[in-house]
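Got your viewer open? Let's take a walk through this structure, one selection after another.

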Amino acid sequence: MTKELFTLEGITRIYKRGNEEIKGVDGLTLKIDKGEYISILGPSGAGKTTFLNMLGCIDSPTSGKLIFYPDNGEMIELTRMKENKLDEFRRENIGFVFADFFLLHSLTATENVELPLIFSSGKKVEDGYSKKVLEMVGLGHRLTHKPLQLSGGEMQRVAVARSMVNQPKVLLADEPTANLDTGNSEVIFNLFEELNSMGMTVVVATHAEELAKRARRIIFLQDGKIVEDKGGK
Amino acid sequence: MKFILFALKNLLRNKIRTLLTVLSIAVSVTVLFSLLSFTKGYEKGMTSELGKMGYQIMIVPRGCPYEAASLALSGGKIPNYFDYSVLEEVKKIPEVEIAAPFFMSAIIRPDEDRTDIYFGMDENMFQMKKYWNIKGSYFKDENSLIMGGDAAYIEQTDEPGQKFYVREKDREFVVTGILERTGTKDDGFFFIPLKAAQEMFGQKDRVTGIAIRVKDPTLIPTVVEQLEKLPDSQVITMSQLMGTMMNLVAQAKTLILSIIIIAIIISALGALNTVLMSVFERTKEIGVMRAMGAGREHVFQLVWVETLVMALISGILGIGIALIGMGLVEKIIKKLLPLAPQGSVVSFDPNTLLICLGFVILVGLVAGIYPAYRASKLKPIEAIRTE
C-alpha cells in the first residue's frame, strides 16, 4: 500500500476579474502522505484557501493534475473526475472546517454534526456516532444546544465534530482559529493533533505561526507558489 | 436526523414567511375543495330529491317552465293556474300510469318571518309518495291536514287530532297525520285536500300543476310529445329540470374554478418566490453542504421537498378549513340557490380530497422546480464565497 495520499502536479488556478487574470495558485507540485499533519502558512492572498479548495475538490484547477491514492491501491486522477463523482469523493474522504464555522442556527449541535450523514446514504455510521464525536471534542454536555447558545470556541468544536462524523481520511481546515481567542485556538489545534494521532491526515491553513509550528510539515505560500516546504520530502 | 425533518426545519426558519405562503395556498385549496364538494353534494342531493318525487314529468302553467317547476319543487306561490279539465286529457294518454294534480300556494306572515306553503293534493299524489311514513292517517275529509315533519316541529304539533287554524283564510283544519322527515322540501309543507286548497285560495277547479308518472321511463318522450299539445300548459321533465339546474351549477362552477385557478397560480408563484428567497439567503449554506459532500441531486431534492412539504401542509390545512366550514358554506349556498335540495348540498367525498391533495402536490412540485434547479446549479466554491 502506497504511503501517498495526494500528488499535485503543476496545479494552477486562474481567476478572472474583469479582463484581469489572477493566479490563486501557480504551478503547485507536491506530495502529501497519509497521516501527515501539514500547516499552510502565508500572507493574505498567498493562495492558502485556493490550495485547500483544490485538495477538497470544491474548486477545480485551471491546469495541472491532482491525484488521490485510496487504500485499495488505486490511483484516482481527481482533475478528470465528473462532478457527481467528486461529490462522492468529498463525502467519503474530506472533512472541512471553516473560519466562520458555518453552522446552521436552526439546528442543535447534534443535528449540525449529523448533517453530512443526511447526504451519505452509502456510508454506514453507527447509531449515536454524532454524539460520540461531540463528546470527543468535549461537547457532550452541549448536545441539544443551538449555535447561538454556544461560545465561538464551542461552535468551532461543533464544526470540527461535523467534519469528523463521516470518518474522512483528510481534514482540511481553513483559518479555523481566525475568529477564536488564544485559549480556544489552543483547544482546536489540540483536537487536530488528536485526530492526526488517530491516523487522519490534517491540512490547516492559518495565519497563526505559533500554532502552525505544531504541525510536522509547514508549507509557506506566497503569490500562489510554494516558497518553502519544511518537513516535506 | 432525517432528510424530511431537515427540510421541515428549514421551512420553520422564517416562520412568518412560510406561514403566509402556506395560508395563501390553503385558502385556494379551501375554495377548491368546497366548490368540488358542493358540486358533488348538489348533484347527489338533487338526484336523490328528484328521485323521491315519484314522477318523471310535470305540467305547469304557461310562463317560465323552469321557474314554475322549481317553485313546485321548492315550495312557493305559483302565480299561474290552468284548468282542472286538463287532467282528463292527461289521463287519456295510455302510457301515463298516474297523473296527480296539485295546487300550491303560500301564505306569507312577515310579522313572524315565515311563509307557510300549502300543497293541495289528492290520493294520486299519495300513490307517488310511497316512501312517506305518516304518523296518523291520510285525509279523512275536506278539513284534513297533514303536516310535514319540519312544519309540525315549528307548530309544536306532535300528535294527530289537533286543530290548525289558518287565520288569513279563516279556515280550520284537523291534523290527521304528521309526516316523518323525508329530507325533501315536503318536510316544510302543509298538505291539504286539493279541493280545500282550491277553495281556500279562491281558485275553484284550477290547479298549479300535474305530476305524471309514466308506466315505462323509456316512454317519457312519447308522453311529452302528447302532453305538449295540451292548452295553457307547458311540460317539463325532471331530467330536463335536473339538467338545467346542473347546467347552471356547472356554469357557476366554471367561473369560480377559473378564479380558483388564477388564485392557485398566484399562490404557486408566491410559494416559488418564498423558496427562491430562502435559496438566495442560504447560498453560503448550500455551498457548505456541497463541501460536505452533498451532490447537486441532494440540494435539488432538499429544496424540492421543502416546497412539497409546504404545499402539502397547505393542502391539509386548506381541506381542514373547508371541512370545518362546510356547515357555513352549506348555509350560504342554500340561501343563494333558487332550487336547493333539502338534504346536504355539500358532500364529503374521498375522491375530492384526493383530487385536492393531488392538485396541491402538483402545485408544490411545479413551484419547487425552479428554486431547486437554481440551488442545485450553485457551485460550492462560489456559494461559499457569496456575501
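Start by selecting chain A and switching to a cartoon view: you should be able to pick out seven helices and ten strands. Keep in mind as you look around that this is a predicted model.

Now zoom out until the whole of chain A fits on the screen and turn it slowly. Its C-alpha trace spans about 45 × 40 × 40 Å along the principal axes. Does that go with a compact globule or against one? For 233 residues, a compact globule would have a radius of gyration near 17 Å, and chain A has 17 Å, so the two agree.

Next, try showing chain A as a surface. The accessible area is about 10,100 Å², and carbon and sulfur atoms account for 47% of it. What you can't see so easily is what sits underneath: 57% of the 233 residues in chain A are buried. Go back to the cartoon and think about who touches whom. Of the contacts in chain A between residues with a separation of 6 or more, 72% join residues that are 24 or more positions apart.

Time for a close-up. Select A:Phe101, which you'll find in the loop between β6 and α3 (109-119) of chain A. Its phi is near 65°, a positive value in a residue that isn't glycine. Is A:Phe101 buried or exposed? Its relative accessibility is 9%, so A:Phe101 counts as buried.

Now add A:Phe102, located in the loop between β6 and α3 of chain A. A:Phe102 isn't a glycine, yet its phi is positive, at about 55°. With 15% relative accessibility, under the 20% cut-off, A:Phe102 counts as buried.

Last stop: the holes inside. The structure holds three cavities of 30 Å³ or more, and we'll visit the second largest, with about 60 Å³ of space. To find this cavity, bring up both chains and select the residues that line it: A:Ile94, A:Gly95, A:Phe96, A:Pro116, A:Arg162, A:Ser163, A:Asn166, B:Ala291 and B:Met292. Colour β6 (94-98) and α5 (152-164) of chain A, the elements that give two or more residues to this lining. Which element gives the most to the lining of the second largest cavity? That's β6(A), with three residues.

Before you leave, colour the lining residues of the second largest cavity by type. You should get five nonpolar, three polar and one charged.

Technical notes. Residues numbered from 1 in each chain as written. Chains lettered and ligands numbered in written order. Predicted model: local features only at pLDDT ≥ 70, side-chain atom pairs only at ≥ 80, totals over all residues. Heavy atoms only, no water. 1 Å grid on protein atoms, 1.4 Å probe; cavity = no way out; pocket = protein on both sides within 12 Å on 5 of 7 lines; lining within 4 Å. Points joined across faces, edges and corners; volume = space filled by probe spheres on them. Helix = DSSP H or I, 4+ residues; strand = E, 2+ residues; numbered from the N terminus. Nonpolar A, V, L, I, M, F, W, Y, C, P; charged D, E, K, R; others polar. Rg over C-alpha atoms; globule rule 2.2 N^0.38 Å. Buried < 20%, exposed > 50% of the residue type's maximum accessible area, 1.4 Å probe, protein only. Contact = heavy atoms within 4.5 Å. Areas by Shrake-Rupley, 256 points an atom, 1.4 Å probe, with all protein chains shown as cover.
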